[in-house]
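New notebook page. I'm going to look up the annotated regions first, then the domains, then the salt bridges.

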Amino acid sequence: GMIVLTLSVSLAGLKPPPCKDINIQDCRKASTLQLGAFFAALYTLAVGTGGTKPNILTIAADQFDDFEPKEKAHKFSFFNWWMFSIFFGTLLGNTALVYIQDDVGWALGYGLPTLGLAISIVIFLAGTPFYRHKKPTGSPFTRMAKVIVATIRKWNVPLPTDPRELYELDLEAYAQKGKYMIGSTQNLRFFNKAAVKTGSTNPWMLCSVTQVEETKQMLAMIPILVAMFVPSTMLAQINTLFVKQGTTLDRAIGSSFKIPPASLTGFVTLSMLVCVVLYDRYFVRITRRWTKNPRGITLLQRMGIGLVIHIIIMVIASFTERYRLSVAKDHGIVEKGQQVPLTIFILLPQFVLMGTADAFLEVAKIEFFYDQAPESMKSLGTSYSMTTLGVGNFLSSFLLSTVSDKTKRHGHKGWILNNLNVSHLDYYYAFFAILNVLNFVFFLVVAKFYVYKTEVSDSMEVLTEELKVMRLRASAQEATVAG
């Protein structure tokens, strides 16, 4: 994908001819081949990202042994430093690469990350023999589908009062295969019907308790997943409307240098990097003394703090935009769409706070969906987190086009126009603030009813003890028979 993208801005046949006309409409448009190559590269990158990001994060987190106390403690910090490394790369992309693309050329601007990606692949392959690899356990979708189908087919079968009567594999089977047994819970109790014994051993009619609990754990996270769509929509504003605002403001520093509007996103990254370090080194240590939680606060509490910050961001963005519009009106440049005599740095609060929100929400979101997924479905759990970003971008486009269309009706100019000086982004941001408040209320409700899964290390300790008891009983029975 990166190779094709680099070629599409380098080769004369794959890029439109240069145009210096003041009126962009008079420039020669890209041909079908040129558009095809460009979009093929973008969609290839999207597919590649969907395949790599959830799995790279999963295999990285899998390198920590949950049964080794020191490694388990390090794992709590891992997600903070994982996001730190991701955003450090983002910082380079939003500063150095943006500068190269604007002032040197797109070929070099895309060529450098292509080279960096090639080096990353070599490093990854070189380390492959040294990684801890988990054995594949089959498609998680198939395992979940079997539980759902079995539940539906046995919807009228009564549940036994004793959960020990439900179907489960022998303890020895879990011990020998290195799998993790999960005890029956009352959460989403209806799905326990899939484990009720009715005489059939068909896997689409009878599932083990562990398989049922795995499915229940993945389904229980879906309301939290839905609650993450709105904050992911807010993230999409960073590279769209926030940057568009920056193009209308004074970007000069000194007499010769002008800040590229896209570089403002670097402040999001810087804020996030600083907050992650402060959170991991100080916030966790301080709160741990009161909560006795190794993470300081729970994952859902951390996500909740991030959601509150998102509300604050959109309120600040709305008032900032209202101030920008008032200055444009005072200087008589509303209809002309000229630059507003305000420094671009008035947008800093919303960019900096967005990085702060990321340090709480985005890190906790990734850790939550990985941590709460069953051991055999970690990649699927991580993909939940990535899914929220994709849905957020689509939702952002949908809301933008819908609001733009609806507010133009009945003779109104509309909230979102090409000329931001006659637009009403302040109303749009206020709408987002209300949307975030409603989403926060929804999050509080689903978080209240969410039940955290048992730690794997704890489950394995119980399994080990049960196996010891069973073996002692078997030995005692043999001794009695022999006597």
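Entry one: the record. I checked UniProt, where an unreviewed entry carries the annotation "transmembrane region" for residues 79-100, 106-126, 218-239, 259-279, 299-320, 340-361, 382-400 and 427-451. I'm keeping in mind that what I have here is a predicted model.

Entry two: a look at two of those stretches. I took residues 299-320 and found 100% helix and 0% strand, with 32 Å between the end C-alpha atoms. For residues 259-279 I got 71% helix, again with 0% strand. The end C-alpha atoms of residues 259-279 sit 30 Å apart.

Entry three: domains. The domain assignment I pulled up gives domain 1 (1-134), domain 2 (140-215), domain 3 (222-451) and domain 4 (453-482). I picked domain 1 and domain 3 to follow up, and their centres, taken over C-alpha atoms, are separated by 22 Å. Their contact involves 24 residues from domain 1 and 29 residues from domain 3.

Entry four: how much area is buried there? I read off about 2,500 Å² between domain 1 and domain 3, and 69% of that is on carbon and sulfur atoms. Next I asked what polar pairing crosses the interface. Eight residue pairs are in polar contact between domain 1 and domain 3, both residues being at pLDDT 80 or more. Salt bridges between domain 1 and domain 3 came out at zero.

Entry five: the domain 1 side. Which elements give two or more residues to the side that touches domain 3? I noted α2 (32-61) and α3 (69-103). The most comes from α3, which puts in 16 residues. I also sorted the residues on this side of domain 1 by type: twelve nonpolar, seven polar and five charged.

Entry six: salt bridges overall. My count for the model is twelve. I opened up one of them, Arg143 with Glu214, where the closest N and O atoms are 2.5 Å apart. Arg143 is in helix α5 (residues 140-153) and Glu214 is in helix α7 (residues 209-220), so to speak distant parts of the chain, 71 residues apart, linked by this pair.

Terms used: Residues numbered from 1 in each chain as written. Predicted model: local features only at pLDDT ≥ 70, side-chain atom pairs only at ≥ 80, totals over all residues. Heavy atoms only, no water. UniProt positions renumbered as here; feature names shortened; annotations may be inferred. Helix = DSSP H or I, 4+ residues; strand = E, 2+ residues; numbered from the N terminus. Domains from an automatic or database assignment. Contact = heavy atoms within 4.5 Å. Buried area = accessible area lost by both parts, 1.4 Å probe. Salt bridge = Lys/Arg side-chain N within 4 Å of Asp/Glu carboxyl O. Polar contact = N/O pair within 3.5 Å; in protein donor to acceptor, adjacent residues only side chain to side chain. Nonpolar A, V, L, I, M, F, W, Y, C, P; charged D, E, K, R; others polar.
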